[in-house]
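Work through the following exercises with the sequence and the three-dimensional picture side by side. Try each task before you read its solution.

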Amino acid sequence: MHQFYIDCLREECKYATLVDLLSTINVGQAIVFCNTAATATRLAEQLRARDHFSASAVHGLTDASEARAALERFGLCVTRVLVITDGVAADMPTWAGALIINYDLPDHLDDYVARARIGRRGKYTRQGVAISLVTEVRELAEYYKVVIPPLPADTEVARPSCKRTK
């Protein structure tokens, strides 16, 4: 699993960066990880309503039949973007080739590496790309003890237009 990060400068810049990624990277599907059900629901709704992506949210508060239907639609490539939380990710199937986007960094290293996000997917697919949207680059190296390079500058992704504030 190839891992990269994008420095979004501020939290407000993450959504625009996510839309830029989904619009410009040539990948059929993406799994977007969030830390809360509220964020997952909000992102999926915004992606559908404002930016016209086929997106579904699945999290711990999602009705079981809705969750099954969303996962089935994603598995059949009807839905392009699946926005999920770590709690449900551990129990779902893996999809080879789906771009992994960490909209929020998890609170615990195990959630990132071993359990649901990159570790489990990398273990089964041995290929793919994970991109973390960060507001503090040092979070990755200091907290997770993992060296992850920035997304290469020649990648055709619009960088956030936000300016760093003090």
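**Exercise 1.** In which sense do β2 and strand β5 (residues 99-102) pair, and over how many bridges?

*Solution.* Before starting, note that this is a predicted model, in which local features need pLDDT of at least 70 and side-chain atom pairs count only at pLDDT 80 or more, while totals for chains, interfaces and linings use all residues. Residues are numbered from 1 along each chain as its sequence is written, and side-chain values use heavy atoms, with hydrogens and water left out.

Step one is to settle the terms: helices (H or I, at least four residues) and strands (E, at least two) are DSSP runs numbered from the N terminus, and two strands pair if DSSP finds at least two bridges between them. Step two is to read the pairing: β2 and β5 run in the parallel sense and are joined over four bridges. As an example of a partner, I31 has its bridge to I100 in β5. Step three is to turn to β4, with which β2 also pairs in the parallel sense, over five bridges; here C34 stands opposite T85.

**Exercise 2.** Find the order of the strands in the open sheet, and name its edge strands.

*Solution.* Begin with the chain as a whole, which has seven helices and six strands and follows the pattern β-α-β-α-β-α-β-α-β-α-α-β-α along the sequence. Next, place the strands side by side: the open sheet of six strands has the order β1-β6-β5-β2-β4-β3, with parallel pairing. The edge strands are β1 (2-7) and β3, each of which pairs on one side only. From one strand to the next, the twist averages 20 degrees.

Then check the pairings of β6: six bridges join β1 to β6, with S132 as the bridge partner of Y5, and three bridges join β5 to β6, where I101 stands opposite I131.

**Exercise 3.** Are the residues of β2 buried or exposed?

*Solution.* First fix the cut-offs: a residue is buried under 20% relative accessible area, exposed over 50%, and partly exposed in between (1.4 Å probe, protein chains only). Applied to β2, this makes five of its five residues buried. Now separate the two sides, recalling that in a regular strand the side chains alternate between the two faces of the sheet. In β2, A30, V32 and C34 lie on one side and I31 and F33 on the other, and both faces are covered.

For strand β6 (residues 129-134), five of the six residues are buried, so this strand is largely enclosed by the rest of the structure. Across the protein chain, buried residues make up 48% of the 166 residues.

**Exercise 4.** Why does the end-to-end distance of helix α2 (residues 37-49) agree with its expected span?

*Solution.* The expected span of a helix is 1.5 Å times one less than its number of residues. With 13 residues, α2 should therefore span 18 Å, and its end C-alpha atoms are indeed 18 Å apart.

Continue with its surroundings, where contact means heavy atoms within 4.5 Å. The buried residues of α2, among them A37, L43 and L47, pack against α1 (14-24), β2 (30-34), β3 (55-58) and β4 (81-85). For directions, axes are lines fitted to C-alpha atoms, for helices over the stretch in contact, and angles run from 0 to 180 degrees between N-to-C directions. Helix α3 (residues 64-75) lies across β2, β3 and β4 and runs at about 140 degrees to β3.

**Exercise 5.** Which residues does A67 contact, leaving aside its neighbours within four places in sequence?

*Solution.* Locate A67 in helix α3; its relative accessibility is 13%, which is why A67 counts as buried. Its contacts, with those neighbours left aside, are V58 and T62.

Compare this with F4, found in strand β1, whose C-alpha is 5.5 Å from that of I148 although the two are 144 residues apart in sequence. Not counting residues up to four places away in sequence, F4 touches several residues, including V129, I131, I148 and P150. For the chain, residues 24 or more positions apart account for 80% of the contacts with a separation of 6 or more.
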